[in-house]
Amino acid sequence: MATKQPPPLMKKHSQTDLVSRLKTRKILGVGGEDDDGEVHRSKISQVLGNEIKFAVREPLGLRVWQFVSAIIFSGVAIMALTFPDQLYDAIFEEESVNSKTPIRLYGGALLSLSLIMWNALYTSEKIIIRWTLLTEACYFGVQFLVTTIALVESGRISTGAMLLLTSRILFTLITVYYYYQVGRRPKKV
């Protein structure tokens with residue numbers, strides 16, 4: 001009994017046919033622009049997304065500002081932890097404070113914030129950078145208000161306190177500028 005041999009397999013050339021390839025891509029939904037104006041080359045990149053979309057276009061000087069902020073926070077924190085009397089005297093020009101505990105707690109809180117600043121320096125995620133900048137701006141704003149109220153209540157205005165208030169206003173403005181620059185949507189070209 002002779003078995004019938006199947007015909008030889010013929011190679012389909014539809015993928016080399018340009019019209020067929022375009023039809024296949026249209027059915028899959030790739031090759032055209034999506035709502036964001038991006039052109040996906042494959043269904044996988046369309047489903048998973050494009051990591052370039054999430055990359056932050058950093059404003060000029062952002063990393064330098066993050067580094068300077070981390071150093072300032074760390075330096076003041078270490079000074080508040082180790083030399084609380086000198087830190088208080090530098091700002092308020094009074095002889096000494098009744099208790100060193102509040103200033104050391106302030107130093108501990110600043111040290112915790114400085115760790116956040118150091119970690120934000122090494123990330124490229126937009127949301128982490130923005131939250132860190134917002135935390136920093138809130139800190140500078142609150143410190144400005146608290147220092148102003150303390151100076152008004154005491155009735156003394158020292159050079160160190162005025163320098164601190166001026167620097168806090170400047171630092172708040174710089175931080176808010178970077179906060180909005182990082183959050184800005186990039187222009188489509």
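## A walk through an all-helix model

Let's start with a pairing you can find right away: lysine 100 and aspartate 85 bring their side chains together in a salt bridge, with 3.4 Å from N to O. This pair ties together distant parts of the chain, since lysine 100 sits in the loop between α4 (84–92) and α5 (101–121), while aspartate 85 belongs to helix α4, 15 residues apart. Lysine 100 has a relative accessible area of 38%, so it counts as partly exposed. Aspartate 85 is partly exposed too, with a value of 25%. Keep in mind that what you're looking at is a predicted model.

Now step back to the whole chain. It has 7 helices and 0 strands, so reading along the sequence just gives you α-α-α-α-α-α-α. There are 189 residues, and 28% of them count as buried. The accessible surface comes to about 14000 Å², and carbon and sulfur atoms hold 64% of that. Among contacts with a separation of 6 or more, 64% join residues that are 24 or more positions apart.

How far can you trust the picture? The mean pLDDT of the chain is 80, and 68% of the residues reach 70 or more. Confidence is highest in helix α3, at a mean of 94, and lowest in helix α2 (residues 43–48), at 58.

The UniProt entry, which is unreviewed, has something to add: its annotation "transmembrane region" covers residues 64–83, 103–121, 133–151 and 157–180. Try tracing two of these spans in the model. Residues 103–121 are 100% helix, and their end C-alpha atoms lie 27 Å apart. Residues 157–180 are 92% helix, with 33 Å between the end C-alpha atoms.

Helix α3 (residues 62–82) is a good place to linger, and isoleucine 71 is one of its residues. Together with Val64, Phe67 and Val68, Ile71 makes up a nonpolar patch on the surface, with about 330 Å² of accessible area in total. Isoleucine 71 counts as partly exposed because its relative accessibility is 41%.

Alanine 80 is in helix α3 as well. Is this residue buried or exposed? It's buried, because its relative accessible area is 0%. Leaving aside residues up to four places away in sequence, alanine 80 touches Leu87, Ile103, Arg104, Tyr106 and Gly107. Its C-alpha atom is also 8.3 Å from that of leucine 105, which is 25 residues away along the chain.

Next, hop over to helix α6 (residues 126–154), where you'll find glutamate 136. Its relative accessibility is 2%, and anything under 20% counts as buried, so glutamate 136 is buried. Which residues does glutamate 136 touch, not counting those up to four places away in sequence? They are Trp65, Ser69, Phe73, Met117 and Thr175. For serine 69, the C-alpha atom lies 8.4 Å from that of glutamate 136, although the two are 67 residues apart along the chain.

To finish, let's return to charged pairs. Side chains of opposite charge can pair when their charged atoms come close. The structure holds 2 salt bridges, and besides the one we began with, there is a bridge between the side chains of glutamate 58 and arginine 63, at 2.6 Å from N to O. Glutamate 58 is partly exposed, because its relative accessibility is 35%. Arginine 63 also counts as partly exposed, with a relative accessible area of 24%.

How values were computed
Residues numbered from 1 in each chain as written. Heavy atoms only, no water. Helix = DSSP H or I, 4+ residues; strand = E, 2+ residues; numbered from the N terminus. Buried < 20%, exposed > 50% of the residue type's maximum accessible area, 1.4 Å probe, protein only. Contact = heavy atoms within 4.5 Å. Areas by Shrake-Rupley, 256 points an atom, 1.4 Å probe, with all protein chains shown as cover. UniProt positions renumbered as here; feature names shortened; annotations may be inferred. Patch = residues over 30% accessible without salt bridge, like charges linked within 9 Å, V, L, I, M, F, W, Y side chains within 5 Å. Salt bridge = Lys/Arg side-chain N within 4 Å of Asp/Glu carboxyl O. pLDDT = per-residue confidence, 0-100.
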